[in-house]
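Here are some short exercises to work through with the model open beside you. Try each task before reading its solution.

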Amino acid sequence: MTEQNERPDQDRDQDPDRGIVRENRADSARFLAAIELTEVEASVFDRAFEVIPQYVPWPKAYGGDSVAQAAAAAIATVGDDRELHALHSSFLRPVEIGAPVRYEVELLRDGRGYSTRHVRGYQNDKVVFLTTASFQVPEPGPVFAPAMPEVPDPESLPSSEAYLAGRGADGSAAGDYWARGRSFDMRHVPGPLYLEVEGERAPHQAVWIRAFDELPAEPRTQQIALSYLCDYTILEPSLRALGLAWGSPGLVTASLDHSMWFHAPARADEWLLYAQESAGVQSGRGLSIGRFFSAAGELVATVAQEGMIRSPQGAPGRP
């Protein structure tokens with residue numbers, strides 16, 4: 001599930017006994033805790049791992065937790081000679097914060113050049129998330145990629161914390177989380193959608209993203225971080241087109257399905273541009289396409305994600 005406009009949980013203390021990082025602070029602790037897998041005995045497929053979804057100030061866990069955790073579980077079952085190149089996922093049920101999720105990995109295929117894994121996430125004996133992950137032994141070949149859009153430099157844009165300062169969200173669970181609690185610095189072009197639609201009401205935007213501090217340099221951790229980031233802001237082009245912000249009264253959103261393709265290695269602790277556009281909104285669902293570019297303009301990954309968008313303000317397009 002992605003960020004929702006429901007009553008936030010006011011408890012922001014750490015809960016080390018359950019492995020939850022609840023303190024809103026600008027560092028990588030929340031992300032690293034979210035992908036800390038413990039291998040356990042498999043009961044459904046070939047291998048299994050448990051992990052604790054991390055605190056967010058909404059009733060249910062952040063969708064990127066599930067994507068990154070499933071990716072990490074799949075990655076743990078393949079050899080070092082191959083790299084994750086695609087994820088295709090479905091969000092089936094809301095995930096409870098603080099309760100362990102068990103990811104069962106089915107080793108579907110290991111070929112000469114490709115491997116395939118199927119991963120199911122279980123919580124309270126119910127399937128909450130599933131993904132199919134594909135891996136490839138890297139090989140040389142021709143390269144084509146779309147150009148990165150021209151946008152302002154990230155250092156010229158306000159951080160979420162700077163933007164929210166003095167705008168009425170100070171001290172609230174949601175405001176604290178948006179400002180400091182996500183392990184990553186996010187800077188919007190043309191402007192954020194936290195409390196209101198800042199900037200043009202159009203079906204596209206871009207977000208500069210970088211970890212607040214240095215992450216482990218190991219390439220697989222950096223790639224898992226990229227998969228963790230995919231669910232942040234990806235519904236916003238559709239919300240922006242409808243004139244809706246996260247703070248709009250009664251807005252409820254949820255991630256439904258997700259695909260992600262990895263084109264080139266990149267560091268999530270260096271600036272990445274997440275260029276996004278809405279492919280349409282209908283029947284309470286919005287589909288968005290996102291592309292991650294390095295600061296040098298290299299295409300790093302592509303995302304397609306559909307989410308539920310429900311607002312009591314009226315039919316889509318007429319908020």
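Two strands count as paired if DSSP finds at least two bridges between them; strands (E, at least two residues) and helices (H or I, at least four) are DSSP runs, numbered from the N terminus. This is a predicted model, where local features need pLDDT of at least 70, side-chain atom pairs count only at pLDDT 80 or more, and totals for chains, interfaces and linings use all residues. Residues are numbered from 1 along each chain as its sequence is written, and side-chain values use heavy atoms, with hydrogens and water left out.

**Exercise 1.** Find how many bridges join β11 to β12, then place both strands in the sheet.

*Solution.*
- Start with β11 (residues 285-294) and β12 (residues 299-310): 9 bridges join these antiparallel strands.
- Next, pick out F292, which stands opposite A301 in β12.
- Now widen the view: 12 strands form an open antiparallel sheet, ordered β1-β2-β4-β5-β6-β3-β9-β12-β11-β10-β8-β7.
- Finally, check the edges: β1 (38-40) and β7 (184-189) each have a single partner strand, so one side of each lacks a neighbour in the sheet.

**Exercise 2.** Is F45 buried or exposed, or partly exposed?

*Solution.*
- Locate F45 in the loop between β1 and β2 (47-51).
- Apply the cut-offs: buried is under 20% relative accessible area, exposed over 50%, partly exposed in between (1.4 Å probe, protein chains only).
- At 22%, F45 is partly exposed.
- For its surroundings, take contact as heavy atoms within 4.5 Å. Leaving aside neighbours within four places in sequence, F45 touches E104, V105, E106, H118 and R120.
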